Structure formats: structure tokens, C-alpha cells
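I opened this entry to keep track of what I looked up, item by item. The structure comes first, then my notes.

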Amino acid sequence: MDMDHREHSVMVWGEPHIVTVYRKSEIVYEAIGNYMCETICVNDKSEGAAIKRWREAAAGISSGEQLTRTAG
């Protein structure tokens, strides 16, 4: 299956960040983007949900939360 993807500008603490969302299957969307020199990769059931989850993960990095992240 050819993966569809779109780029989004996602605001985190008032700063825009480019996040690419890939449609991996009918019900799996993967959002990938860099924040504070780290690559964040999350999956969810819709494009909007994946973007929201990415934003929450990035905000968690800023606040010092321990999150699972991919090596960049």
C-alpha cells in the first residue's frame, strides 16, 4: 500500500513546528516531527488524533515529562 502523507504546521508553546502525518493503513496514522532536537513519532486512529498526540508529546518534553521518543 502506498502511504499518503501531509505536512502540518503544529503550534507548541506558541512556536510552529512541521509535522508530517503518514497514513499507514485505514485506521493507523503516524505523526513524525522534530522538537527540541528530538524526533517524536506517534500513532493514532485518525490524522487529527495523531497531530494532537504529537503536540501533547512535544509539550511533555518541554515540561520535563518522561516520554518514549525515537532517536533522531
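I began with Gly-48, which is partly exposed at a relative accessible area of 49%. The terms I used are these: buried is under 20% relative accessible area, exposed is over 50%, and partly exposed is in between, with a 1.4 Å probe and protein chains only. Gly-48 lies in helix H1. Helices (H or I, at least four residues) and strands (E, at least two) are DSSP runs, numbered from the N terminus. I also looked up a distance: the C-alpha atoms of Gly-48 and Tyr-29 are 9.0 Å apart, with their positions 19 residues apart along the chain.

A note on the source: this is a predicted model, in which local features need pLDDT of at least 70 and side-chain atom pairs count only at pLDDT 80 or more, while totals for chains, interfaces and linings use all residues. Residues are numbered from 1 along each chain as its sequence is written, and side-chain values use heavy atoms, leaving out hydrogens and water.

Next I looked up the largest nonpolar core, meaning a set of buried Ala, Val, Leu, Ile, Met, Phe, Trp, Tyr and Cys residues joined through side-chain atoms within 4.5 Å. It has 15 residues, and Ala-31, Tyr-35, Ile-40 and Trp-54 touch the most other members. At least two residues of this core come from each of strands E1 (4-12), E2 (15-25), E3 (28-35) and E4 (38-44) and helix H1 (47-62). H1 gives the largest share, 6 residues. In soluble globular proteins, nonpolar side chains tend to be buried together.

Then I searched for aromatic pairs and found 1 in the whole structure. The rings of Tyr-35 and Trp-54 have centres 6.4 Å apart and planes at 85°, so I noted the pair as edge-to-face. Since Tyr-35 is in strand E3 and Trp-54 in helix H1, the pair ties together parts 19 residues apart in sequence. The rule takes rings of Phe, Tyr and Trp (its six-membered ring) with centres within 6.5 Å; planes under 30 degrees apart are stacked, over 60 edge-to-face, and the rest tilted. Tyr-35 is buried at 7% relative accessible area, and Trp-54 is buried at 0%.

Which residue does the side chain of Thr-39 make a polar contact with? The partner is the side chain of Asn-34, at 2.7 Å. A polar contact is a pair of N or O atoms within 3.5 Å; within protein, one must be able to donate a hydrogen and the other to accept it, and residues adjacent in sequence count only if both atoms are side-chain atoms. Thr-39 is found in strand E4 and is buried, at 17%.
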